[in-house]
Amino acid sequence: MNKQDKNPGNNRENLIKLENAGLTAEEQQLFCDAVPVPYEPYSLEFVERFHNWIRANSLWVLAFGTGCGAIELNPLMTSRFDANRFGVMMRPTPRQASVLIVAGYSSVKTLKRIIRSYEQMQGPKFVIGLGICTINGGMYYDSYNTINCLDRYIPVDLYITGCMPRPEALLAGFMELKRKIKAGECDGANRYVKDFDWYKANQKKVIKKWDMPDYNW
Amino acid sequence: MGYAGLQLVNTMFMQELCERMTRQFDCDQVMHQKDDLSFLRVDRDRLESALMYLKTHEGFVHLSFVTVIDYIEDGFFRLNYMLYNYDKATNIGVQVDITRENPSMHSIHHLWAQGWTYQRELKEMYGIDFPGSPRVDEEFVLEGWDGIPPMLREFDTAKFCEDRFAKRDGRESQDIKQTMRDNLYPERGES
Amino acid sequence: MNWALSIFYYIVTVLVVLVYGLLLYAFIAKTMARVQGRIGIPIYQPFLDIIQTYGRRTAVTHGYMFDLGPVFRLTGGLGTLAFIPVIYGSEIFGNFHFAGDLLLVMYFIFFGQLGMALGAGESGHPYAPMGIARGLAQMTAFEVPFALAVIAVFMQYETASITEIVAAQQGSIYNWTLFTNPFAVLAAMFAFLGMSMYPPFDLVTAPNEIPIGPPTEYHSAYLSLLQTNRAIFAGAKLVLFMNLFFGGATNLPIMVLKTWAIYMIPVLIGVAFPRFKVENSIRFFLGVPTLVGIIAVLYMQYWGTV
Amino acid sequence: MFDLKRYSEAELESGKFTKLWHGPQHPGITGNMSLELTLSGDDVVECKTHVGYLHRGFEKLMERRTYIQNFPVVCRIAVPEPTFNEYMYAAAVEELAGIEVPERAEWLRCLNLEMMRLASFLMWLGGACGSFGMSTVYQWTVTHRDYMLDLFEEMTGARIYHMYISPGGVRAPLPDGFSERALSVMNGIEKLLYEIERVALNNHIFKMRSQDLGIIDPEMVDPYGIVGPNARACGFKRDVRKDAPYLVYDQLDFEVITADKSDAYTRTLVRYQEMHQCISLIRQMLEQMPTKGSFHADLPNVLHWKIPAGQTYVKSECTRGEYGYFLVSDGSEYLRRVTIRGPSYTHAIAVMEKLVVGVNIADVAGLMVSLHTYPPEIER
Amino acid sequence: MKLKDLTSPFYVWQRAFEKPYTQSKPTLNREGAHAYRGFHINDIEKCVGCGTCEEICMNNAIDMVEIAAKDSKKGDSGLVPRFDYGRCCWCALCVDICTTGSLRMSNEYTWAADDPDSFRFTPGVDETSWQDSEHGYRRHPEYDLLKLVRPEMEMLSPDEGLKSFDEVVAGYTHEQAVVEADRCIECEICVATCPANMDIPGYIRAVREENFEEGLRLLYDTNPFSATCGRICTHRCEDDCTISTFGKPLAIRWLKRYIVDQVPAERFAEILNDEITENGHHVSIVGAGPGGMSAAYYLRKKGYGVTVYEAGASGGGMLRYGVPSYRLPDDQLDKDIDYIVSLGVEVKYNTKIGHDIEFQQLMDKSDAIFIATGMDQPSSMRIKGEDHPRVLSGLTVLNDVASHKDPGVGKNVAVIGGGNVAMDAARVCRRLGADVTVLYRRRIVDMPADKDEIKEALEENCNFVLQAIPVLIEDAESSDQVTIQWGEAEMIAEDGKRPRPVLQEDRMHTDTYDSIISAIGQSGDFSFLPQEISDQLKQHWGKFEVDQRQRTAVGKIFIGGDIANDVADAISAIADGKNAAIGIDAFVSS
């Protein structure tokens, strides 16, 4: 994937200036600009493969109902479909979660929280875009308050289409995600580091109230 | 008395009420939409007293919602206060026209404890000011909004979207008439 | 006995208890899932989870205490286990023992919690101190009946060595503290409900109120340590209760059976009840369980003759 | 009357109190909203609600779409309970356009609405138990709700967003054998409800937690515009289904359920009884429903459907109370203005901010759930 | 505190001994309900690419795209919908509104992929796992978003109609017109079918919006014979109307008529506002029929000086002489022609080329010549005795009636043929009080005449004798009568071709009539053309070969109308006229 081509401003100068930009250096540190640390895979390949297998079978999903897709996460996680038996579990805190499900549309206000949650998650981390709204705006393609393409703001590893995707489709999505993790194809977190400036520029283009503390320690 | 009978009584109540309101508050326009719903137009400055009267004397204790309709062509906002009378099972919509320039309206938060939420929304979505209403200047549903209030008619959400949120490219649709012309009668039919 | 060999045996014990603790956890989770009408996690899932958290490639720290918290916690678990004979009379699973080891074990039980409290307190997340406050408050409360029960046991067996207490219960089922000193057991089991973090006493990690609680900020390898500790500590606790009140175990199957049965008691209640608030919880522990504990002590003082 | 603030703004900001954000990423919050709590110890001294995380600007979007295009849009407004939106929108459009809906369609709509109410209540009941820590009940109810969704899938072709009630009628009649399957699901749910009564409603700790929590004073009901079960639980006999019967409710046999004290427990109890009432209504409807006849009125060409200028307000009783659509048309192909009045609007903001003061932090989630609010309908 | 409150919660454990709720099989891809709204399926054989799905989609999820497997043709744009599953919300409005029923849904719903650009597909073209799915949402047969029924138009009853030459069709009332116009889905498929490529959706919209002035302008953009076409057009557009798959096609012709009827002739100039700037060039047009006059109109609008040479005494050509007034009243035709003439077109009546003026003279004085003489020579039946005095030509009969002369057909008439002329002749004869028998070689479905005309002829009690091949015409016993021998025919299809009538020699009939009207076709008379020009112009099956803009091998000469196109109807002639005007303009200005 030639990501570089899609990045219009891959140098730091091109970042969009916001109202917070004129602050003193000390205060400016409060606002997220620090590039997160990339992580290396294990140096031994079989160790990495083993860990990938483990990661695939222990997916901790952040319990954040960002949009209407969350309504189908309820049946998924409960008795009827019981995703627990596939190693999919809900974690209430982003620090511990490894999968972020962006459940449908995200309003600008929520996007900020999504980014914040995403940055607090520890790598390797995976993002599932649920429903049409994450792919190309869906129902709300012309709404002034919802973003259209999620992958411009955070790296997305898998999309599941549908409105809403049924729990079965979600399960199938999880199976696909497992397959990808096992194959070592999910490098979203490192992509985020690599194209950090591009992502930040896009984020700042839509999020105008940028009082985001630095969560990339 | 069955429902139909009740309704007849309510309709009569409604008509009498509208007459009373017209006498007392000079409502210049009365519109009966259906048996249990009428709209009254009152003057901007009489609104508070009209609402107070309806609430305390006529039993319209329930404020369903406050909303506004933007008549950009005629240059005014029409505020609409929907009240409900549980005993008579009738709705009445009290409407006020206010100017679109520097719009401002008397707050009703002292009449209904929930009134301020609606006013906060109207302030954010239409820029109508309600002096004295609690937290009216705080952000309500939007965050960091930097344009004109989005619910105004002149705000073009599609264009805004285009400017701000990237769309996925590769989408193009062909016009049917043009395609058929190009394929079937390329040189005919033009004028 | 060679000290190196006993340390080796201890390590073996720790590993066995770890594996057993994780399996027991998964089994209980499956049981609860069953009540909820579903199948639940695979039995090996806890192992995967531990390796998964361990295998996270990034981590952030909030300071030295934050780093030390899980270490203290694990130390507490390991220390607790070190002085409890897992299987009575077994050379490998006998662990260290000396005359006052029960007191040390009691100490270690709190050591972990306090260490955790310090660490989590530094994490900076508001839910962590809130969880700690709740946890410590509740712990203090259930400690009262538990201490009373242990005192009653001291008085009964006139020793503070767990091995000797177990030894005294051998021979017949009627020698178990359960039958010789039922009030103490009752009081201790009430405390056990509080210790085991199942509803109605799961308010430390109450997911709908303060998600996860103290370990909110813990992740990656930190969390891995905490998970390891949870298995070991749960195993140690169960074995302790088994030893003190249910006659201990002379072989592995009996140990498994007894600990499982003890574990099922909070689970039995847990799935059926919602969560207490912290003041309800304290009030509860300082009520009937404390009373029972006092009765147990009085009983031992005035009537208890073995 | 507005506010019973015990602390001034300056005091709140003084650092004397803990600030805690409850949500939006929090398992104890319904949907995606947040409460900014100011705590003194474990007690809440002040609360500000923050909504807008789900704001999509429906009212704006609907002004840009034709009348027929709006009908798939509206159901997204209240995610767990889309059908009421479909019905309200259809009813408003029909009223302004002067369309007479066939009788069979009215029955089908009514059935759909009652099924939706039951499904929504099921999810809510699970959430109410779950918020106090009884996740077992939550698992059961969500599963049984899913059986309801299977019925919806059969009836309407989709699980969540049914898009079944279109202006003019409904899109399809009932499939063959539907009522047998529906009745068997109803029997299952009834059995489940009795189980839940034993397990949760007669549970000592559940009662302890929820009784006397978040009491709605009868004095509060009118100023705060409290409606639905929240108001009924403190003795107000108010139900749109009875006050101004719509659809076929006047042909069905049911009573308005009330109680005498609106705390979290009574509200649960009232809703619990309403669930039984729903089952009874669904059974009645399946029995009495006409099986022949047209189910959709003739519409003008929907691609350029113009509705004469007018304004109307239609309302119905959803699970949370009075749900209404205020629709203004101006004679063009697009509507002029629509305002959606959701009961959560006041319940989740004004009422919540008042009730939560003085409540233990542990009970905030329970209180929030007991008011039964859906954030997506607040901000739309 | 009640003890029961402590004990009854343990009832939860009962659940542990029951079967779990969890659906263990099939876990993935559980089949959706039979009417589930899953992924789309499109039958591209049926799909005509009308784009209604695209129009109704509130999410802009549908693109109309060209595909390799399908070409544009009349009644089918060749485009198919492509779905963007980053937009679609599965509301199925596209399925509900699909005019041909080609679009439906499967009950598949699983699609997960990592490339956000991959969620686009063209159902029916791209390989999908659900394309053969049997279940899934379909429009319920009793539920229509399309308006399938036409409002009934008031017509003279057949009995009434027979009494006079008054117009049979009353035209739409205002309400009917608006209701009918409202049925249009504006797919624009019909535009390609219309020989003149009129902006049909545009003027229908004008009717809907009751903006008749705009409607008239749209009409005159492509067709200056709107009043005429609104009555007698062969309305091929209606055959391709996408509504007609499930219902009645739109009454496009009547709506056109409705527009023109709403605007009085005096206001035409004011509304159309045709400003003419003379450009100094001059064009001669041969024939004042629809083709010629249409060319004259558009050329005049471009500023050309136009002279039209007409052999007859008045304009309109076949419209005047070939179409009876109960279908097209003369005043309506005059309305159209008068407007064209009013723009300054010079029409020389009773001027026959080659007789009154030489063709070469036109060649010399004009910058270009447009020939649209039409086909006014009846074709021969090529049977023995067809020159019998009681055998009349259909055209002659119609011509006589149009000029208020008695054609003298008698009381018992046979009409031979199945075209519009035959139908008109038959119906005219009925109005003259005769009993009419129509003899036709093929079946009723094969008749080239308008469906409406056939229907009305049947209603007016014309006796149809089908699959009848005339063999011989002889003298009858009375000199006022004539006898025809005809044989029954069988329709025999040979190797997949169109079935052909084959005479059955053993089933012959002999009938006697007062007169026989032969109306089996016409041909043109090109004797006025000088030989050298005539040689240069290529002919094929009696028609001149021309290109899209009516150009011929001779640069200056443009040919259109019946003598150049295959369909030979008024609207094609009008279209030819307009295109010739464009061609001439291009030719002259180059």
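Reader: Which orientation do helices α8(C) and α12(C) adopt relative to each other?
Author: Helix α8 (residues 182–195) and helix α12 (residues 288–303) of chain C pack at about 150 degrees, with their axes 8 Å apart; axes are lines fitted to C-alpha atoms, for helices over the stretch in contact, and angles run from 0 to 180 degrees between N-to-C directions. Angles under 35 degrees count as roughly parallel, over 145 as roughly antiparallel, 65 to 115 as roughly perpendicular and the rest as oblique. The two helices α8(C) and α12(C) are therefore roughly antiparallel.

Reader: What pLDDT do local features need in this model?
Author: Residues are numbered from 1 along each chain as its sequence is written, while chains are lettered from A and ligands numbered from 1 in the order in which they are written. The model is predicted: totals for chains, interfaces and linings use all residues, side-chain atom pairs count only at pLDDT 80 or more, and local features need a pLDDT of at least 70.

Reader: What is the handedness of the crossing of α1(C) and α10(C)?
Author: Helix α1 (residues 3–35) and helix α10 (residues 252–270) of chain C pack at about 45 degrees, with their axes 11 Å apart, and they are therefore oblique to each other. Leu24(C), Ile28(C), Thr31(C) and Met32(C) of α1(C) meet Thr259(C), Trp260(C), Tyr263(C) and Val267(C) of α10(C); residues are in contact if their C-beta atoms, placed from the backbone, lie within 7 Å. A crossing is left-handed if the near helix is turned anticlockwise from the far one by less than a right angle, and right-handed if clockwise. The crossing of α1(C) and α10(C) is right-handed.

Reader: How many residues of α5(A) are buried?
Author: Helix α5(A) has 13 residues, 108–120, and its end C-alpha atoms are 19 Å apart, in agreement with an expected span of 18 Å, which is 1.5 Å times one less than the number of residues. Its buried residues (20 or more other C-beta atoms within 10 Å of their own; exposed is 12 or fewer, partly exposed in between; C-beta atoms placed from the backbone) pack against β1 (59–62), β3 (99–103), β4 (126–130) and α9 (196–206) of chain A. Helix α5(A) is largely enclosed by the rest of the structure, because its buried residues number 12 of the 13.

Reader: What radius of gyration does chain B have?
Author: Chain B contains 5 helices and 5 strands, which are DSSP runs (H or I of at least four residues; E of at least two) numbered from the N terminus. Its C-alpha atoms fill a box of roughly 75 × 45 × 30 Å along the principal axes, and buried residues make up 43% of its 191 residues. For that many residues, the globule rule (2.2 Å times the number of residues to the power 0.38, the radius being taken over C-alpha atoms) gives near 16 Å, but chain B has 24 Å.

Reader: Which helix gives the most to the side of chain D that touches chain A?
Author: Contacts link 29 residues of chain D with 31 residues of chain A. On the chain D side, α2 (58–63) and α6 (135–156) each supply at least two residues. With 6 residues, the most is given by α6(D).

Reader: Is Val546(E) buried or exposed?
Author: Val546(E) is in the loop between β22 (543–544) and β23 (557–559) of chain E. Beyond its neighbours within four places in sequence, Val546(E) is in contact with Arg551(E), Thr552(E), Ile559(E), Gly560(E) and Ala564(E). Because it has 23 C-beta neighbours inside 10 Å, Val546(E) counts as buried.

Key: Contact = placed C-beta atoms within 7 Å.
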